[in-house]
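This explanation goes through a protein–DNA model, beginning at the DNA and ending with the contact between the chains. Please keep the structure open while reading.

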Number of protein chains: 2
Amino acid sequence: MAATLKDVAARAGVHPSTVSRVLRKQENLKILDTTRKRIFDAVEELNYQPDFTARALRMKKSFTIGLIVPDIGNPFFSRIARTIEQLGFEKDYTVIVCNTDEHQAKENKYVNHLLSRGIDGLIMVPAQDSDESVNKVLEHKVPLVLIDRLFEDINTNAVISNNVESAYNAVKHLVDLGHKKVAFLRGRNNIYTMTKRFEGYQKAVDEFGLVKSDSLIVGNGFSFDDGHNATTKLLNCPEPPTALLLTGNLITVGAISAILEKGLKIPEDISVVAFADSIFSPYLVKPLTTISHPLYEIGSKAFNLLLENIESDEETLPPTQIMINTQFDIRETTGKAKAA
Amino acid sequence: MAATLKDVAARAGVHPSTVSRVLRKQENLKILDTTRKRIFDAVEELNYQPDFTARALRMKKSFTIGLIVPDIGNPFFSRIARTIEQLGFEKDYTVIVCNTDEHQAKENKYVNHLLSRGIDGLIMVPAQDSDESVNKVLEHKVPLVLIDRLFEDINTNAVISNNVESAYNAVKHLVDLGHKKVAFLRGRNNIYTMTKRFEGYQKAVDEFGLVKSDSLIVGNGFSFDDGHNATTKLLNCPEPPTALLLTGNLITVGAISAILEKGLKIPEDISVVAFADSIFSPYLVKPLTTISHPLYEIGSKAFNLLLENIESDEETLPPTQIMINTQFDIRETTGKAKAA
DNA sequence: ACGATTGGCACAATCGATTGTTTACACAGT
DNA sequence: ACTGTGTAAACAATCGATTGTGCCAATCGT
């Protein structure tokens, strides 16, 4: 249906290759102005649009990048995705978005899929049950940038946050308010961010002599329900914690709902600090004390790093790891610890 | 680098076409079991993955669908995107996500881009400054499903909500609480959803004899700032409205922030009803009274409708329009009107 | 036993572009 | 007149798969 190079060539009375060269406007290309005009006219008249698929096949360059995240429905990822898409648009790259739901199997399948589609680069937040897919991308020498999570024993490009410090500071803030028993609601276990945040939490617990107990470490997922259930479990303890460190957007909403259901008040009965990036944070039941991420910065750093790798002449550049600092906003969900 | 059909064929000692046929497991294909085995072994050994680009070129089928939305960072769209991506995954379609920022120019550019990429179908929320791009898609006979917005004079597939009724009911609820002066905060003007919601608002205003004034119709954008500015403007009036009908997620946060900045209380000083789909809605300063959308249903209906069109043998199926009912949740941001 | 069928696979064209190599011709230099 | 040089464009291979057709040998029918 659509016009092809051949059609344009026929109409302009030249060979397809000539049309191609003229349209790709190569430097010091010698073409008669009259020919050039005939070609442009033909392109115009036939409303010719080059076929990307054919181009990609021939040039081994698809102008496509993959973005693999756990859940594009989560504000954290959707806002990063937005940035990447935006910058991609400016550079003529389109973005294929993939959700893993934190399932390694989906991630593996997607990686294979994307590789066989010939993507020019990949930005991903790995599920981290295995490093299989990351290694596969590396083997194929497809430029890769990890976001938020890292395999510490694999040297890759990455944009990550200062998790240890952020968690430590959050707990310190609670300590300053007199809290002794702080729970840590983790998302999935063995994820880089969780390990690091736990490290910061643990460090503060040790340093400030807080109550140390495995029962204070709960949760195993990033969803609303995960947050709700873990919190409910905590609150049903005989001696529940007086403060919660939450580690995700959806976990946070779940935790808040559980607290309210119990009829407890924030922060009078229980304080809450959250790793959260929702635009709603400041307008919750109580304005939420948060550790938030500069999402635009994360997205743009990741994209630019990827682009650099894609456009580099080297087959592989030495990996770069970029550390991004979180922001700590003390609002109203953290207050003095109740006297025991 | 990666193995091709030819490599596999060479290793198995057969012709590439044979490999292709075996792998595509055509029905009643006559191939010796020994040959078949040699081929599968070769595929295994070479770790062969077919090249999607080449396939797409030859078969004129890319197993790719486009998704064009105003802003993937907005929870409304990101959660719909998630559903579409999920269902696509099950059917082996990947999704290219595009943000228009409500710019018609970006939309047009994307549509051209996606068409020249040979997408199999397109789901879009049009910017609606012009119907140019929609018509272009239609001309190319690429299956199309519109979400949320509709061109009433173009017959296309679409999944939309009962906007008129939803807005009418929301205003009626306010009327029942004694409100006489209700403001309408629209997003962009001349968008289908806005026109329809305004129609419902207007109908209620007329029917219940509410204050009718152009000064009560404000706003021209879907962002936080748009909501904030429009609300601030309203509140600075000598006689501000006692209730607000908000028409978007981000507008809502903006409006709330403006109200709080003014030192006003919700709902004592001013009531708020919002078209909002954030998971945070129930946990805001006051649990938000909302008109929300069944986002999974919208996404899945749209995807399935698209798939039906893609897989149909007919070149074009008669367009289907699916109406989805919103959900009205009365929470605590709406209360009795202040006595005047 | 001989032509007809059919099973099993190879051949070659094709999708739509890109790109290295040739060709055809004009003109300049000797 | 003949070689050399450069210009303008054509030719043809190629990317990696799919698919209509052709071919050879074994089997079948009579």
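A phosphate oxygen of DNA strand C is 3.1 Å from an N or O atom in the side chain of R55(A), a polar contact in the sense used here (a pair of N or O atoms within 3.5 Å; within protein, one must be able to donate a hydrogen and the other to accept it, and residues adjacent in sequence count only if both atoms are side-chain atoms). The model is predicted, so local features need pLDDT of at least 70 and side-chain atom pairs count only at pLDDT 80 or more, while totals for chains, interfaces and linings use all residues. Residues are numbered from 1 along each chain as its sequence is written, chains are lettered from A and ligands numbered from 1 in the order in which they are written, and side-chain values use heavy atoms, with hydrogens and water left out.

Strand C has a further phosphate contact with R24(A), where a polar side-chain atom lies 3.0 Å from a phosphate oxygen. A base is reached from chain B: a side-chain N or O atom of R21(B) is 3.1 Å from a base nitrogen of DNA strand C. In total 28 residues surround this strand, and L5(A), S17(A), R21(A), R58(A) and T35(B) are the closest; a residue is near a strand if one of its heavy atoms lies within 4 Å of it. Of the atoms of DNA strand C within 4 Å of the protein, 61% are sugar or phosphate and the rest belong to bases.

Which element gives the most to the surface near DNA strand C? It is α4(A), with five residues. Helices (H or I, at least four residues) and strands (E, at least two) are DSSP runs, numbered from the N terminus. By class the surface near DNA strand C has 10 nonpolar, nine polar and nine charged residues. Here Ala, Val, Leu, Ile, Met, Phe, Trp, Tyr, Cys and Pro count as nonpolar, Asp, Glu, Lys and Arg as charged, and the others, Gly among them, as polar.

DNA strand D is next. A polar side-chain atom of R21(A) lies 3.1 Å from one of its base nitrogens, and a polar side-chain atom of R24(B) lies 2.9 Å from a phosphate oxygen. The backbone also takes part, with a polar backbone atom of D51(B) 2.9 Å from a phosphate oxygen of DNA strand D. The largest share of the surface near this strand, five residues, comes from α4(B).

The two protein chains also touch each other. The contact (heavy atoms within 4.5 Å) takes 48 residues from chain A and 48 residues from chain B. About 4,900 Å² is buried between them, 63% of it from carbon and sulfur atoms; buried area is the accessible area (1.4 Å probe) that two parts lose on being put together, summed over both. On chain A, F89(A), F280(A) and Y283(A) lose the most area to chain B, together 16% of what that side buries.

Polar links cross the interface of chain A and chain B as well: the rule finds 22 residue pairs in polar contact and six salt bridges. A salt bridge is a side-chain nitrogen of Lys or Arg within 4 Å of a carboxyl oxygen of Asp or Glu. The side chains of R82(A) and D71(B) meet in a salt bridge, N to O at 3.0 Å. The side of chain A that touches chain B takes its largest share, seven residues, from α5(A).
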